[in-house]
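Me: Could you take a close look at the aromatic rings in this model for me? I would like to see how a pair of them is arranged and what surrounds the others.

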Amino acid sequence: MLLRVLFCTAVGLAAPSDARFYLATRSMPDYVERDARGTALWGVVQSFYRARDYRLAWMDDGRRSAEAEAIARVVARAAEEGLDGGRYRIDLAPHAVAAAFNGAPASDADAVQDVQLTYIFLKYAADLTGRFDPKAAGPFWLTQPRSRDLSAWLEQCLQSQQALEAFAALSPSHPVYEGLKAALARYRRIERDGGWSVLPSRLALRRGRRDPVVALLRRRLAAEDDLVTTLAATSVVYDARLADAVKRFQRRHGLAPNGALDGATVAELNVPVAARIRQIELNLERWRWLPADLGRRYVVVNVPSFQLTAYDGERAAVTMKVVTGKPDSPTPVLSDDMTTVVFSPYWNVPSTIAEDEIIPAVLRDPRYLGRHNLELVRGERLVGPAALRRGDVQIRQRPGTSNALGLVKFVFPNAFGVYLHDTPDDALFARPRRAFSHGCIRLEQPVALARWVLSDLPRWTPSAIAAAMRGGRERSLALPESIPVYLTYQTVGLGEDGAVFFWPDVYGHDRAQMPLLPAPTLDPPSAVALTSQ
């Protein structure tokens with residue numbers, strides 16, 4: 001105690017007024033995680049107090065501020081965000097305060113509690129901006145958690161007297177994120193009620209079959225509301241109503257909705273509810289990696305659902321199927337701005353496709369170029385097939401209805417050179433899983449997207465767009481206002497009726513990232529328990 005008095009006298013401070021002595025004379029407390037993230041966050045806490053000359057933020061004469069209590073109630077709902085509530089547990093009862101900093105004296109109680117609250121609040125804020133870097137799981141994921149100077153952010157919140165609003169606004173406000181939170185709560189209830197039964201792995205049933213296991217299947221489908229149970233819940237007949245329920249389940253899992261119980265369908269039925277909960281938590285995490293403001297108008301392409309949605313604000317204005325990259329040539333996960341629409345485009349054949357597919361075909365048969373409307377270009381000059389042997393030649397396909405890019409493409413410059421485009425081959429859109437391209441995104445309804453993109457430009461009427469698309473001459477249109485494009489990888493989403501969809505892990509990103517997602521605390525206590533003194 002004498003040391004404290006001498007220290008405070010030397011710096012001209014009253015003993016209980018701030019956290020200077022306390023932070024200067026104590027080692028890192030036990031509640032700080034002993035890893036790089038925890039150490040960095042502890043550094044942020046110290047920076048926060050240094051910047052405010054060590055004034056306490058939450059405590060005054062043994063009492064917590066109303067703002068601290070309100071923020072604590074926000075943090076206490078961390079589990080609703082898919083976070084681990086156990087990470088934000090602090091015990092502020094008298095017996096715990098003295099031990100919090102390895103035996104700090106009672107006169108330091110306000111400082112002890114203030115620093116604990118700051119650390120927990122900042123840990124919650126940091127977690128809501130992203131708990132790990134997704135790029136650690138592979139090179140095709142370019143989006144990353146948002147960076148924020150947490151020390152300056154928290155001080156600004158306090159100065160503006162809007163800390164509560166700022167903490168409440170940390171979570172994405174998008175309706176899909178809110179829907180996933182509701183789905184998480186629902187699947188946790190299913191888990192608390194015992195989950196669902198496992199079906200025999202080799203089970204194969206079709207409509208009209210009788211089998212004792214059908215009653216088990218009915219209960220399994222009822223668990224996720226694919227089947228509404230009735231008095232016939234114990235029936236062993238695979239009837240039309242049950243087949244329709246299987247179709248609904250198949251649609252929700254990216255399977256062909258044929259109503260037959262095959263191996264792929266049984267495998268999805270047998271995924272444990274705990275695994276589905278973790279999948280939802282991972283997808284909530286991915287939403288938090290996106291910008292807080294997605295833009296006035298923006299495009300989202302979700303690879304696992306093979307779907308594009310164009311948004312006006314939070315309203316889905318255009319939705320369509322897409323074809324995305326094959327697993328060995330995946331569509332990257334990134335965001336960039338659409339700047340240009342190209343009508344009647346040339347297709348400049350990528351070097352990998354040219355070397356692997358086209359050049360060998362041309363060398364075998366020079367007429368291959370003519371049959372596929374291809375030409376060879378060196379600089380601005382057209383050259384013949386013999387130039388292929390000398391190299392330095394660009395292969396391109398002339399504009400037209402047979403062009404691989406169709407009649408229009410939408411350019412958003414990016415490191416992978418991928419873009420959105422029309423296609424002359426629309427047969428693939430009938431398949432439930434559509435990972436067939438070399439990385440670019442093929443559009444089911446390119447005209448609808450063009451009309452939406454150009455809807456703010458009065459001269460680009462539907463007839464003007466159609467004429468440009470079929471003009472037979474490449475024409476580039478620079479957009480006066482760029483449109484954000486987000487290539488995402490959400491394996492959990494929502495249907496129009498609120499049904500929860502679990503889409504295939506096409507590229508294995510779930511498998512790679514799940515181990516990086518912090519494991520939940522076993523039987524976690526309630527978060528931020530502000531125990532009365």
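Reply: Happy to help; here is a walk through the aromatic rings, followed by a few helices. Please keep in mind that this is a predicted model, in which local features need pLDDT of at least 70, side-chain atom pairs count only at pLDDT 80 or more, and totals for chains, interfaces and linings use all residues. Residues are numbered from 1 along each chain as its sequence is written, and side-chain values use heavy atoms, with hydrogens and water left out.

Let's begin with the pairs. Rings of Phe, Tyr and Trp (its six-membered ring) pair if their centres lie within 6.5 Å; planes under 30 degrees apart are stacked, over 60 edge-to-face, and the rest tilted. By this rule there are 18 aromatic pairs. In one of them, the planes of Tyr298 and Tyr486 stand at 80° with the ring centres 6.1 Å apart, so this pair is edge-to-face. The pair links distant parts of the chain, since Tyr298 belongs to strand S3 (residues 297-302) and Tyr486 to strand S15 (residues 475-488), 188 residues apart. Strands (E, at least two residues) and helices (H or I, at least four) are DSSP runs numbered from the N terminus.

How accessible are these two tyrosines? Buried means under 20% relative accessible area, exposed over 50%, and partly exposed in between (1.4 Å probe, protein chains only). Tyr298 counts as buried because its relative accessibility is 2%, and Tyr486, at 5%, is buried too.

Other rings gather in a group: Phe132, Trp141, Trp289, Tyr489 and Tyr507 form one aromatic cluster. Some rings also have a charge over them, meaning that NZ of Lys or CZ of Arg is within 6 Å of the ring centre and within 35 degrees of the ring normal. The charged end of Arg396 sits over the ring of Tyr346, 4.0 Å from its centre. Likewise, Lys409 places its charged end over the ring of Tyr419, 4.7 Å from the centre.

One more aromatic residue, Trp452, is found among the buried residues of helix H16 (residues 446-453), together with Pro446, Leu449, Ala450 and Val453. These residues lie on the same side of H16 because they cover an arc of only 165° around the axis, the arc being that of the directions from the helix axis to the C-beta atoms.

Finally, a residue from another helix: Ser47 lies in helix H3 (residues 36-51). Ser47 is partly exposed because its relative accessible area is 28%.
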